[in-house]
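This report describes selected local features of one protein model. The structure is shown first.

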Amino acid sequence: MDLLIAYRDDPAGHNMAKFLSKEMTLDDNIFRGKYYDLIVIPTPTIFADWLEEKYDYDGFVFLSKHAAESGVLALTCHSTGNFSDAKFGGNSRQIAIPKPDLQKTYLQTLKKNQSQFSEFQITIEATHHGPTALTKPSIFIEIGTTEKQWTDVSLCNSVATLVHQVLSQPIKKHPVAICFGGTHYPTKFTYELLEGKYSLGTVMPKHTLDFLDEELFSHILTQNNMAKTVLLDWKGLGSNKDKVLNLLKSTDLDVIKL
């Protein structure tokens, strides 16, 4: 069973949590459910590396707001991790264990219901921010992109309904791929999730590849040990293309260029 987590002062996450908790039973500080449990915490979710000190679950699903300077409206999900310094939670050069199949199922469910969210871009984001130290798989599910959307109770309830729909049914298994290259909003990898056969683990975008070395590469492989394939945004690898290819030569992963 997974634990859903929302930060009390995050309006989008808290609104989703309030909606979901209506059908759940409060037990001390945990809302108990048939398919998942839920907590609302007093500190930001990006700093929640402490969760396993108090809660023992198969995985963690964070309900959160999404902010972007562009202001483009987006419904997103992504795995967490820091490829360099930990500026927004977690530890430096540490990658969390992703939840690839939940991510794929959730994004496809959003797409099927796009008519409800016609103004929104449906996209994954590259791996970023904390928490990074949890030993069980985790994912962020986010509503963007401004205060207007975060405080839109109807919107938050609609997204929460789909979260419940996904988590209340068996999650289909897919072959898992690690991704290198592309932008923070990786178009090719989002398309693969929506239309292709792979679910995605860690997504390391072009702007972070300068930090990739043997130590970090090995750590990414360890945290994505369910993956048998690597997807490369071939044009989106930039000047680090040869470095990525040389590191991959030491593995038995299938390499696919997109």
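The text below covers two charged residues, one strand residue, one helix and the nonpolar cores.

The model is predicted, and every value given here is computed from it.

**Charged residues in loops**

Lysine 99 sits in the loop that runs between β8 (94-95) and α3 (100-112). Its relative accessible area is 14%, and because buried means under 20%, lysine 99 counts as buried. The side chain of lysine 99 makes a polar contact of 3.2 Å with the side chain of aspartate 2. Besides Asp2, lysine 99 touches Gly59, Phe60, Val61, Pro137, Ser138 and Ile139, when residues up to four places away in sequence are not counted.

Aspartate 10 lies in the loop between β1 (2-7) and α1 (11-21). Aspartate 10 is buried but has no salt bridge. The nearest side chain of opposite charge belongs to lysine 65 and is 5.7 Å away, while a salt bridge requires a distance within 4 Å. The backbone of lysine 65 does approach aspartate 10: its nitrogen lies 2.9 Å from a polar atom of the aspartate 10 side chain. With neighbours within four places in sequence left aside, aspartate 10 is in contact with Leu63, Ser64 and Lys65.

The distances quoted for these two residues are as follows.

| Residue | Partner | Distance |
|---|---|---|
| Lysine 99, side chain | Aspartate 2, side chain | 3.2 Å |
| Aspartate 10, side chain | Lysine 65, backbone nitrogen | 2.9 Å |
| Aspartate 10 | Lysine 65, side chain | 5.7 Å |

**Strand β1 and helix α3**

Isoleucine 5 belongs to strand β1 and is buried, with 0% relative accessibility. Its contacts, not counting residues up to four places away in sequence, include Leu38, Ile41, Leu51, Phe60 and Leu63. The C-alpha atoms of isoleucine 5 and alanine 17 are 7.9 Å apart, with these positions twelve residues apart along the chain counted as their separation.

Helix α3 has 13 residues, which should span 18 Å at 1.5 Å a residue; its end C-alpha atoms are 18 Å apart, in agreement. Ten of the 13 residues are buried, so α3 is largely enclosed by the rest of the structure. Among the buried residues are Pro100, Asp101, Lys104, Tyr106 and Leu110.

**Nonpolar cores**

The largest nonpolar core holds 45 residues, of which Leu4, Leu63, Val159 and Leu200 touch the most other members. Helix α5 (residues 153-167) contributes the largest share of this core, eight residues. Valine 159 is in contact with Met16, Leu75, Tyr106, Phe117 and Ile143, leaving aside neighbours within four places in sequence. A second, separate core has 19 residues, including Phe83, Ile178, Phe217 and Leu232.

Terms used:
Residues are numbered from 1 along each chain as its sequence is written. This is a predicted model: local features need pLDDT of at least 70, side-chain atom pairs count only at pLDDT 80 or more; totals for chains, interfaces and linings use all residues. Side-chain values use heavy atoms; hydrogens and water are left out. Helices (H or I, at least four residues) and strands (E, at least two) are DSSP runs, numbered from the N terminus. Buried means under 20% relative accessible area, exposed over 50%, partly exposed in between (1.4 Å probe, protein chains only). A polar contact is a pair of N or O atoms within 3.5 Å; within protein, one must be able to donate a hydrogen and the other to accept it, and residues adjacent in sequence count only if both atoms are side-chain atoms. Contact means heavy atoms within 4.5 Å. Lys and Arg count as positive and Asp and Glu as negative; His and the chain ends are not counted. The expected span of a helix is 1.5 Å times one less than its number of residues. A nonpolar core is a set of buried Ala, Val, Leu, Ile, Met, Phe, Trp, Tyr and Cys residues joined through side-chain atoms within 4.5 Å.
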